[in-house]
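Visitor: I should like to learn how salt bridges are read in a structural model. Please take me through the case at hand.

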Amino acid sequence: MIFKPTYILKSVTEISADFMAEKNLKGLILDLDNTLTTHNNPHPAEKVTDWIDKMKSIGIKMMIVSNNNSQRVTPFAKNLGLDFVANGKKPLSTGFNKAQEIMNIPFSEIAIVGDQIFTDILGANLKRVRTIYVHPIELESTFFFKIKRFLEKPFLKGF
Ligand SMILES: [Mg+2]
């Protein structure tokens with residue numbers, strides 16, 4: 001199903017070394033907003049910095065691919081010491097392809113991680129790349145986002 005995540009977790013920090021090994025994953029393409037921190041927040045969410053360091057230390061390759069602009073993504077990614085693609089155009093493949101090229105591992109060993117069904121998950125599914133849906137750190141208050149979150153619900157049944 002094109003809108004269904006492969007795996008569903010509460011937060012990125014639940015992605016463990018065991019999880020990566022069991023699923024034969026060697027890389028993660030990470031969304032930024034509401035995945036690594038809240039919208040417009042320059043600081044990573046609680047435990048995220050430690051989690052990134054842990055993943056790096058076991059050799060996991062990571063890139064941020066965000067639909068947000070370079071002013072938002074550049075300082076945040078640099079702060080975590082991660083490569084990134086801004087203006088990623090998810091659900092289109094452009095950003096994912098750029099990231100995969102830099103990571104230099106096959107898509108079969110990469111999971112795409114994000115909090116939005118219609119960008120992160122749809123985009124990955126269109127490429128047949130595995131996905132890890134994480135619950136948004138904070139629910140958005142704008143009308144547009146409320147509609148989106150409502151429409152996502154059927155694809156997250158049971159969670
Ligand atoms: Mg997001």
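Visitor: How many salt bridges does the count come to?

Guide: A salt bridge is counted when a side-chain nitrogen of Lys or Arg lies within 4 Å of a carboxyl oxygen of Asp or Glu. In this predicted model, the count by that rule comes to seven.

Visitor: Which parts does the pair of K90 and D31 tie together?

Guide: The closest N and O atoms of K90 and D31 are 3.0 Å apart. K90 belongs to the loop between strand 4 (83-85) and helix 4 (94-103), and D31 to the loop between strand 2 (27-30) and helix 2 (48-57), so the salt bridge ties together parts that are 59 residues apart in sequence. K90 is buried, at a relative accessible area of 7%, and D31 is buried with a value of 7%.

Visitor: Where do D33 and R72 lie?

Guide: D33 is in the loop between strand 2 and helix 2, whereas R72 is in helix 3 (residues 70-80); the pair links distant parts of the chain, 39 residues apart. Their side chains meet in a salt bridge at 2.8 Å, N to O. D33 and R72 are buried.

Visitor: Are D115 and R149 buried or exposed?

Guide: Both are buried. Their salt bridge has its closest N and O atoms 2.5 Å apart. D115 sits in the loop between strand 5 (110-114) and helix 5 (117-126) and R149 in helix 6 (residues 143-152), so this pair ties together parts 34 residues apart in sequence.

Visitor: Which residues do salt bridges that share partners join into one network?

Guide: The network consists of D115, E140, R149 and E152.

Definitions and conventions: Residues numbered from 1 in each chain as written. Predicted model: local features only at pLDDT ≥ 70, side-chain atom pairs only at ≥ 80, totals over all residues. Heavy atoms only, no water. Helix = DSSP H or I, 4+ residues; strand = E, 2+ residues; numbered from the N terminus. Buried < 20%, exposed > 50% of the residue type's maximum accessible area, 1.4 Å probe, protein only.
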